[in-house]
Amino acid sequence: MKVSISWLKELVDLKVSIEEVVKLLPLRTIAIKEVTQDYIEMDMKGYNRADLLSIRGVAQEVAAITGSELAFKDPEKPEFVWNKHSLPLGQDKLPNTPVQIMEPSLAEAQCVAKIEGLTFGKSSEAWVKRLESSGMRSVNNITDVTNLIMLEYGQPLHSFDAKQVENETINVRHATEGEEITTLDHKLRKLTKDDIVLADTKKALDVAGVMGGLDSEVNENTTSILLSASLFNPQMVRKTSQRLGLSSEASKRFYHGLTKTRLLQALNAAIKMYQELGGKLTTATLVGNFEDKTRKVTLTKKKLDELIGVDIPRDKVESYLKSLGFDLETQGDSWEITVPYFRLDIELEEDLVEEVVRMYGYEKIPAEKVPESKTLQDESPIFKKIYDFKTKLVELGLTEVQTYSFYSTQVLNALGFNDSNFKVLVKLENPMSAETQYLRMNLWPNLLEVVDKNLRQGFKDIAVFEIGKVFNNVSGQPKEEWRLTVALMNNTDNPLAELSAITTKLSLKFKESKPQAEGVYLFHPTRFLQVGEIGGLAEVHLRVLNELGIEKRVAILEIQL
Amino acid sequence: MEEKLKQIQVEYQNKISSADSLKDLDALFIALFGKNGEVDQFSKQFKSLPKEELKTVGPLFNQIKQELEKTINDKRLTINELIYKSLENESLDLKNTEIKKREGHLHPLTIFENKIADLFKKLGFVQFDGPEIDSDLNNFELLNIPPEHPARDMWDTLYISKNLLLRTHTSNSQIHIMKNNKPPIRMMIIGRCFRYENLDARHEHTFDQFEIVYIDKGVSMANLQFLSEYFLKAMLGEDIKARLSPGYYPFTEPSAHIFGTCVFCKGKGCNICGKTGELELAGAGMIHPKVLQNCGIDPKEYSGIAWGMGTGRMAMLKYNINDLRLFNSGDLKFLQGIKK
């Protein structure tokens, strides 16, 4: 979210400098990504403060953390332009247009207002500057209204060219499977029944919450618009936005969560801006429920003190919460707190504790020693085992390496994987590339890559080991286990001899054996030893080494831990 | 021209079939296809040929070229198979069993992580062996991150199936730990995590995290401040200060980002810390009451701290390593040259 500095100053009577705001925001609220002459960009990735996706919300927050007053007031409902006492004398209700929410799960509310008598053109300099200082570009006067309102109230809106909407109908419905729409970016989008669309009687007009359709876009001939404001199902918007790879300023706000109160404020403010452009409000249709639920949470002083570890005076607690817009009612040692409608992130007592402690200042929390303790849980013996093996191997002169948990395509080829035996490998559904598609089921093949790489670097002697997890499919279920592997290239034509000595030093017993099944392909036919039931050591078959471009003999050990 | 071509073909086919080592084959390959080899020489003469003749010679030339290439490759396989066959005549010989003198090296991450484990062992923490493949439930949902929650944007996830994934953080282990142990709990996890990430000097798809789970009666943010100082001073130096700052994780409430004095400028402000004198080094918070509840621990009775960081990033600061990818590179110059 890029917060226009000049706009913020219009909304808050700042008692401190902008530099101080920039200093305080990360201390009290949220990290800052970038500060320019025009804007402060807050780092909203994954964040739960939906209210901070509007400059009014940011203004409320900034006022609280700087002890400043807001320069605006939320409008009262009767003042809304479509309500009786705002209408011309003699008119007590505007006509409706057809609007329906086809299934309650799709949207909680859908509003459509018709505005006539507009003239398409450029926006005023003041509007252009506001948009630009918020990191957006001006498009045209009609579209800019919706963008400016979204920035101010956090509520995305959309203006349709009324001529292009059949029967002035705007319904909220599921897309049909395979339904197509060309979006504003000129791309043909194929929809599924999990997507929501706004649609007239004939066709989809808009991929709900994500992007408008090209056909009903406002253009230079537009004089009448249908202004649409919606509260779509946030999870469905997020799914569609992800599937289409289309994350827009609007979709982000939809899936972070919107409120009904702000929706009405935004609709009202947008209509007023269109009236400033000479437009006339001729219909207004509000479908759905427009009351935000009042949420009350109890905060006890005991919980507060215990969780923070600091005794913050009661009057401080109260003034912090009041400045953030919470209403407090004292009840003995606790407070019953009414959450302001715009703070969707506050549900539990612990959420309020965070509000108090951030206003108090995280940086002021003193350190309180964690008392020493005997161990309370049993540690898995695997860690001691790993530690001991690593220590021993390093003493023996080996270097520990760590390789990726995947098999590269080169390794897959060298190991002779093909369609018939891929199934034993655990496969990723969405790999970054073919190199990360399959998880390793043994460690030693990746160590061959290490040998190859270092041979190319000019190493004449390579003794390396790795301890890590491997993965395979056991009757369709992925399993993981710890393994130890050693690879030795000692520039002789029989490295297994030295490796067997190393193996003995690790207190592992081995006996002569013969490779079985796919081992015949992978290992030397005679230089092959078995370590009990847990693994083995062998010279790697020249065929595998050839595939990897290694011209030296290499022996490996691999055991389960 | 045609005659000459056929002559070369016969000549080389004979040579190839009588070759009996890979070395001979390589020499023949170079004589044919190398710079100034027969093929190269021949194609140079094409310029001077009349168009009519070129029409017949051209395709023939290509055909013979391909045939010879195939003959060499086939022969290579035959010779290889012979060599592979001869391996059966090599015996298992374990007589020369002296171990060469070499200097051994632990991986820098192991050294760093062993130090961390020792540090927290002193406070009674033991290591937990958490799964690297886990369910969406343990990695996300029980950590208070339901499907389609906006916070999921924080983790680009590698999936095995709809409900199975490579853990994106060690926090999946919190669930295993809390479900299987009764408080008080002092456990830690050090291990590999995975994310859908394109590689560069600062980004890895495969990386290690360290995390502690500390649950008891009366555990507070003041303890969290203590643990942050305890960790940073021991790992990066006594002159490092720890500062908590507000942040957001769905599985902690309150949540905190942990900043430490910049190790490069010691707080004066430099290019690496963006002139702030601090680096963001870890993330933590008080375990979310819903997470405690999900695991059968009563948040009215107990509170807990989850504290975690990426060990690779911090080891880079500690050992002055400039590329995160080096840890998984297997590059011996790096692994044997690092000053610990």
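The contact between the two chains draws on 89 residues from chain A and 80 residues from chain B, where two residues are in contact if their C-beta atoms, placed from the backbone, lie within 7 Å. On the side of chain A that touches chain B, the residues divide into 37 nonpolar, 25 polar and 27 charged; here Ala, Val, Leu, Ile, Met, Phe, Trp, Tyr, Cys and Pro count as nonpolar, Asp, Glu, Lys and Arg as charged, and the others, Gly among them, as polar. The model is predicted, with local features needing pLDDT of at least 70 and side-chain atom pairs counting only at pLDDT 80 or more, while totals for chains, interfaces and linings use all residues. Residues are numbered from 1 along each chain as its sequence is written, and chains are lettered from A and ligands numbered from 1 in the order in which they are written.

Within chain A, an open sheet of three strands follows the order 1-4-3 with antiparallel pairing; strands are DSSP runs (E, at least two residues), as helices are (H or I, at least four), numbered from the N terminus, and two strands pair if DSSP finds at least two bridges between them. Strand 1 (2-4) and strand 3 (32-35) of chain A stand at the edges with a single partner strand each, so one side of each is left without a neighbour in the sheet. Neighbouring strands of this sheet are turned by 20° against each other on average, direction ignored. Strand 1 of chain A is joined to strand 4 (residues 39-42) of chain A by three bridges, and Val3(A) stands opposite Ile40(A) in strand 4 of chain A.

Further along the chain, four of the five residues of strand 9 (residues 170-174) of chain A are buried, so this strand is largely enclosed by the rest of the structure; a residue is buried if 20 or more other C-beta atoms lie within 10 Å of its own, exposed if 12 or fewer, and partly exposed in between, with C-beta atoms placed from the backbone. Strand 9 of chain A pairs in the parallel sense with strand 6 (residues 99-101) of chain A over three bridges, with Ile101(A) opposite Val172(A). With strand 12 (residues 196-199) of chain A, strand 9 of chain A pairs in the antiparallel sense over four bridges, and Arg173(A) stands opposite Val197(A).

In helix 10 of chain A, Val317(A), Tyr320(A) and Leu321(A) meet Glu355(A), Val356(A), Met359(A) and Tyr360(A) in helix 11 of chain A. By class, this contact has six nonpolar, no polar and one charged residues.

Conventions:
Axes fitted to C-alpha atoms, helices over the stretch in contact; angles between N-to-C directions.
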